[in-house]
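Colleague: Please take one part of this model and go through it closely with me. Then link that part to the rest of the chain.

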Amino acid sequence: MLDRRLPGSLFLLMAPTLVVAETLEQTIPFDYDVNSGPIFPVIESFDTQGGQRELTGVTFEFNHNFDLEMFVESTGPTAINSGDFLVDFTYITLYQLGTVDGGKKEGGPSNDPPFFGPGAFFAESVTGALAAYDGVPGNDGPDAFRRNFSDTFTVTQHYDGADPDVLAAVTDVGQLTTVFGGFSETFFRWINDPNWPAPGLFPEYPDDAALWISTPTFRHSGDITITYEFVPEPATAGSLAALALFALRRRR
Ligand SMILES: [Ca+2]
């Protein structure tokens, strides 16, 4: 039972510094032709406002939409069946927090902004029946097919004090020009090799007998949402510290 008269003992407790992180969010839409990429999204840097606040984390959320058209044409002398070959196509995106030339350290020593891979797009195990080369390059003849592939997904990457280079790269006054693009890889293999005449070291289109793979349309669109998490600098935080006074008397 508690007594409301003067307490028999006093404890002055400094509460653990209670600092609620605040956030700042921005969303940057993008839509580009991968065949012509990369692009240079401009984002708002995290401004410390003269050292009054400190960035403790940053989250990048990428909403990806990919639309790919693949064109496969044979210049071989014989027909091939679906399943005689397989194509695996991969596009690995890269996002760099600044440009190598210019950016934050323009005119200074070499700039090497951090980058990461926020997702990849795949078109796997592509195959199809193809007639022998029809003598016309690039047409939609019996020696060719087109395929469409699309995908939509979200990738979220979070960085905190364990990644000081990332936090430093986005901390500045004003805007930061970033780089968004990637690189593609195409793997081809015969399952049933038709044993066409071997092309030279550098196969020539359309004279050499081969399968030719291109991506006439390759669009990458979506948006990037960047969320800064920050706290007041410690000197400011101190003023927010709560003092707690507890008085407790236990009746004997
Ligand atoms: Ca053709």
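Modeller: Start with one pair of residues: Leu24 has Tyr228, in strand 11, as its bridge partner. Residues are numbered from 1 along each chain, as its sequence is written. The model is predicted, so local features need pLDDT of at least 70, side-chain atom pairs count only at pLDDT 80 or more, and totals for chains, interfaces and linings use all residues.

Now widen the view. Strand 2 and strand 11 (residues 211-232) run antiparallel, and 12 bridges join them. A strand here is a DSSP run of E with at least two residues; a helix is a run of H or I with at least four; both are numbered from the N terminus. Two strands pair if DSSP finds at least two bridges between them.

These two strands belong to an open sheet of 4 strands. Its order is 2-11-4-8, and the pairing is antiparallel. Which strands form the edges? They are strand 2 (22-33) and strand 8 (144-160), each of which pairs on one side only. On average, neighbouring strands of this sheet are turned by 10° against each other, direction ignored. Axes are lines fitted to C-alpha atoms, for helices over the stretch in contact, and angles run from 0 to 180 degrees between N-to-C directions.

Next, see where the sheet sits in the chain. There are 2 helices and 12 strands. From the N terminus, the elements read β-β-β-β-β-β-β-β-α-β-β-β-α-β.

Strand 11 also leads us to the largest nonpolar core. That core has 16 residues, and Leu68, Met70, Val72, Ala123 and Leu211 touch the most other members. Strand 4 (53-74), strand 5 (85-96), strand 7 (120-126) and strand 11 each supply at least two of its residues. Strand 4 gives the largest share, 4 residues. A nonpolar core is a set of buried Ala, Val, Leu, Ile, Met, Phe, Trp, Tyr and Cys residues joined through C-beta atoms within 7 Å. Buried means 20 or more other C-beta atoms within 10 Å of the residue's own, exposed means 12 or fewer, and partly exposed lies in between; C-beta atoms are placed from the backbone.

Look at Ala123. Leaving out residues up to four places away in sequence, Ala123 touches Leu68, Met70, Phe89 and Phe149. Contact means that the C-beta atoms, placed from the backbone, lie within 7 Å. A second, separate core has 15 residues, among them Phe46, Val58, Val166 and Ala169. Across the chain, 19% of the 252 residues count as buried.

Finally, check the loops. Most residues other than glycine have a negative phi, and most peptide bonds are trans. On the way from strand 2 to strand 3 (42-44), the loop holds Pro38. The peptide bond from Gly37 to Pro38 is cis, with omega near 0°. Pro206 lies in the loop between strand 10 (179-190) and strand 11. Its bond from Tyr205 is also cis, with omega near -5°. The loop between strand 10 and strand 11 holds Asn195 as well. Asn195 is not a glycine, yet its phi is positive, about 55°. With 10 C-beta neighbours inside 10 Å, Asn195 is exposed. Gln49, in the loop between strand 3 and strand 4, has a positive phi of about 50° without being a glycine. Gln49 is exposed too, with 11 other C-beta atoms within 10 Å.

Definitions and conventions
Contact = placed C-beta atoms within 7 Å.
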